[in-house]
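Student: Please choose a single part of this model and take me through it closely. I'd like to see how it sits among its surroundings, and then how the rest of the chain looks.

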Amino acid sequence: MSDAVAQYATNDSSKAPEEKVNLLGLSREKMADFFVSIGEKPFRSQQVLKWIHHNGVEDFDQMTNIGKKLREELKQKAEIRPPEIVSQHDSADGTRKWAIRVGGGGLVETVYIPDGGRATLCVSSQVGCSLDCSFCSTGKQGFQRDLTAAEIIGQVFLAVKSFDGFVDSQKRIITNVVMMGMGEPLLNFDNVVDAMSLMLDDFGYGISKRRVTLSTSGVVPALDRLGDVSEVSLAISLHAPNDELRNQLVPINKRYPIAELLAACNRYWDKQSDTHRVTTVEYTLIAGVNDQPEHARELVELLKGFPCKINLIPFNPFSLSDYQRPSKKAVQRFWQILSDANFITTIRSTRGDDIDAACGQLVGQVEDRTKRSERHRANYTESQVINVR
Ligand code: SF4
């Protein structure tokens, strides 16, 4: 393997034993660099990107505008290898959820949510998550590893293929992508940025930058870096109106408190060329924890002057958690206080109820490198024993 090829191969931890470069995850620039590295013209990158992301082609022999000699060379040095669908669950409301096996045996979830003229794909960025938010099923499973760029964009590739979207290229299967599945995307920065650039690229999936959203729990330094290299929409997992409560729900808040996170969002938008874009604030409502009128009023005060819209998410109970779903009345009351203060506020409707568990549950346990999942299981069992005494 040449040094140049080795450089691409080492960027992809899911590579096959012969260490071929997985072209699926290469951004336009990296694809051009790859072709230059094997002595070809950079324009080959556009041809191959279109074959992969417009036509769903995985076999170099189907790339009819590429000569036989180059196709043979590509077969020796490269591959197009999406991750593998392990199971698919279809809901009566059209939601489709996949468990996807990635390199090394880990599993992640991808969810397709149709809604009128729009269809959103929720994409994972890590196997598990290292951040341990107290209301999150994925966090309780611990952390295994970052996904490669090929494994991230591969979820989009598989979803489009699953709906025959490559057969009829006029049919837009996915209108929106949210980086809101398993994992904290900003802790897998380079691979997430590469994958998102393919979502936006006209030679990739051509989705508008306003319709690709990165959701973060608040890794402030990485958010500052993101503003320098990406123009996607931004969502933050806030979930509490003050630092004391957020420290309990979203532990990374101890490192980057709310004021720093909101300031980083403002800096992100300052770097964007277009105006009138705002941060989406996600707030999971948990019964008796953060869903009371005083929390809503405190949130109004906190977000005064911060350009945003608010998405309220009623907590979805799962095993290993003692938290409860809020009553409809509590959700409505919370919404009313925010709306009366002129915040654009939506309540996330429950979708795919018949196939769903909380996000992250479909794949079961990840191979946890942090041992956190063992601790959570032990603590949970203990609390259940105390509860029945
Ligand atoms: S909410 Fe997001 S950042 Fe927090 S533990 Fe879950 S996946 Fe990780």
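Tutor: In helix α10, the buried residues are Ile258, Leu261, Leu262, Ala264, Cys265 and Tyr268 (buried means 20 or more other C-beta atoms within 10 Å of the residue's own, exposed 12 or fewer, partly exposed in between, with C-beta atoms placed from the backbone). Looking down the axis of α10, these buried residues fit within an arc of 155°, so they line one face of the helix; the arc is taken from the directions that run from the helix axis to the C-beta atoms. The other side of α10 carries exposed residues, namely Ala259, Asn266 and Asp270. An α-helix has 3.6 residues a turn, so residues three or four places apart point the same way.

Before going further, please keep in mind that this is a predicted model, in which local features need pLDDT of at least 70 and side-chain atom pairs count only at pLDDT 80 or more, while totals for chains, interfaces and linings use all residues. Residue numbers start from 1 along each chain as its sequence is written.

The length of α10 can be checked too. It runs over residues 258-270, and its 13 residues should span 18 Å at 1.5 Å a residue; the end C-alpha atoms lie 19 Å apart, which agrees (the expected span is 1.5 Å times one less than the number of residues).

What lies over the buried residues of α10? The cover includes α8 (220-229), β11 (233-237), α9 (243-249), β12 (279-285) and α11 (293-303), where contact means C-beta atoms, placed from the backbone, within 7 Å. Helices (H or I, at least four residues) and strands (E, at least two) are DSSP runs numbered from the N terminus.

Two of those covering elements are partners: β11 and β12 pair in the parallel sense over three bridges (pairing requires at least two DSSP bridges between the strands). Across this pairing, Ile236 is opposite Val281 in β12. β12 is also joined to strand β13 (residues 308-314) by seven bridges, and these two run parallel; here Leu285 faces Pro314 in β13. Five of the seven residues of β12 are buried, so the strand is largely enclosed by the rest of the structure.

Moving on to the ligand, the residues around it are Cys129, Leu131, Asp132, Cys133, Cys136, Thr138, Gly139, Met182, Gly183, Glu184, Ser217 and Ser237, each with its backbone-placed C-beta atom within 6 Å. By class, this shell holds five nonpolar, five polar and two charged residues (Ala, Val, Leu, Ile, Met, Phe, Trp, Tyr, Cys and Pro count as nonpolar, Asp, Glu, Lys and Arg as charged, and the others, Gly among them, as polar).

Asp132 deserves a second look. It sits in the loop between β7 (126-128) and α5 (137-140), and its phi is near 60°, a positive value in a residue other than glycine. Asp132 is partly exposed, with 19 other C-beta atoms within 10 Å. Asn342, in the loop between α12 (328-340) and β14 (345-347), also has a positive phi, about 70°, without being a glycine. Asn342 counts as exposed, having 8 C-beta neighbours inside 10 Å.

Finally, the whole chain has 13 helices and 14 strands. Of its 389 residues, 42% are buried. Among contacts between residues at least 6 apart in sequence, 67% join residues at least 24 apart.

Note on methods:
Contact = placed C-beta atoms within 7 Å.
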